[in-house]
Amino acid sequence: MALLTTFYFSRIQGNKIYDSSGAIIGKLKDIIVEQKGERPKVIAIGIITKSGIKIVDFSYFTIEKINSKYKITCKELKEISIDSDVLYLAKYVLDRQIVD
């Protein structure tokens with residue numbers, strides 16, 4: 001089991017998210033990153049739950065690789081509001097042709 005700080009988003013998109021007791025909270029929809037600085041920082045995760053989509057603070061999450069599978073655990077579902085200087089990876093980047 002390894003806690004991850006670097007991972008491919010496409011490998012965890014759609015994965016189930018568990019609370020600390022092991023119950024399923026929902027599924028990962030999107031990752032939201034700050035666009036400030038040289039290296040973007042993950043600040044929030046979009047989760048599909050039974051009650052709709054929630055934007056939750058990333059600092060309460062751990063992503064582990066167990067036997068080549070990824071497990072996402074959330075210690076606390078703390079919803080946050082998002083500034084305008086962010087980027088939704090699934091919505092705007094993943095599977096898009098980017099021209100520089």
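**Local contacts, nonpolar core and aromatic pairs**

A polar contact (N or O atoms within 3.5 Å; within protein, one able to donate a hydrogen and the other to accept it, with residues adjacent in sequence counted only if both atoms are side-chain atoms) joins the side chain of threonine 49 to that of serine 51 at 3.2 Å. The model is a predicted one, in which local features need pLDDT of at least 70 and side-chain atom pairs count only at pLDDT 80 or more, whereas totals for chains, interfaces and linings use all residues. Residues are numbered from 1 along each chain as its sequence is written, and side-chain values use heavy atoms, with hydrogens and water left out.

A polar atom of the threonine 49 side chain also lies 2.6 Å from the backbone oxygen of glycine 52. Threonine 49 belongs to strand 4, residues 41-49 (strands are DSSP runs of E, at least two residues, and helices runs of H or I, at least four, numbered from the N terminus). Threonine 49 is classed as buried because its relative accessibility is 14% (buried, under 20% relative accessible area; exposed, over 50%; partly exposed, in between; 1.4 Å probe, protein chains only). Neighbours within four places in sequence aside, threonine 49 is in contact (heavy atoms within 4.5 Å) with Ile25 and Lys54.

The largest nonpolar core (buried Ala, Val, Leu, Ile, Met, Phe, Trp, Tyr and Cys residues joined through side-chain atoms within 4.5 Å) contains 18 residues, of which Ile12, Ile17, Leu28, Ile31, Ile45 and Phe61 touch the most other members. At least two residues of this core are supplied by each of helix 1 (9-12), strand 3 (24-34), strand 4, strand 6 (61-66), strand 7 and helix 2 (89-92). Strand 3 provides the largest share, 4 residues. Beyond four places in sequence, the contacts of phenylalanine 61 include Ile17, Ile45 and Ile72.

The whole structure holds 2 aromatic pairs (Phe, Tyr or Trp rings, the six-membered one for Trp, with centres within 6.5 Å; stacked if the planes are under 30 degrees apart, edge-to-face if over 60, tilted otherwise). Phenylalanine 58 and phenylalanine 61 are stacked, with 6.1 Å between centres and 10 degrees between planes. Phenylalanine 58 is buried at 18% relative accessible area, as is phenylalanine 61 at 7% relative accessibility. The pair of tyrosine 88 and tyrosine 92 is edge-to-face because the planes stand at 75 degrees, with the centres 6.5 Å apart. Tyrosine 88 is partly exposed at 24% relative accessibility, and tyrosine 92 is partly exposed at 47%.
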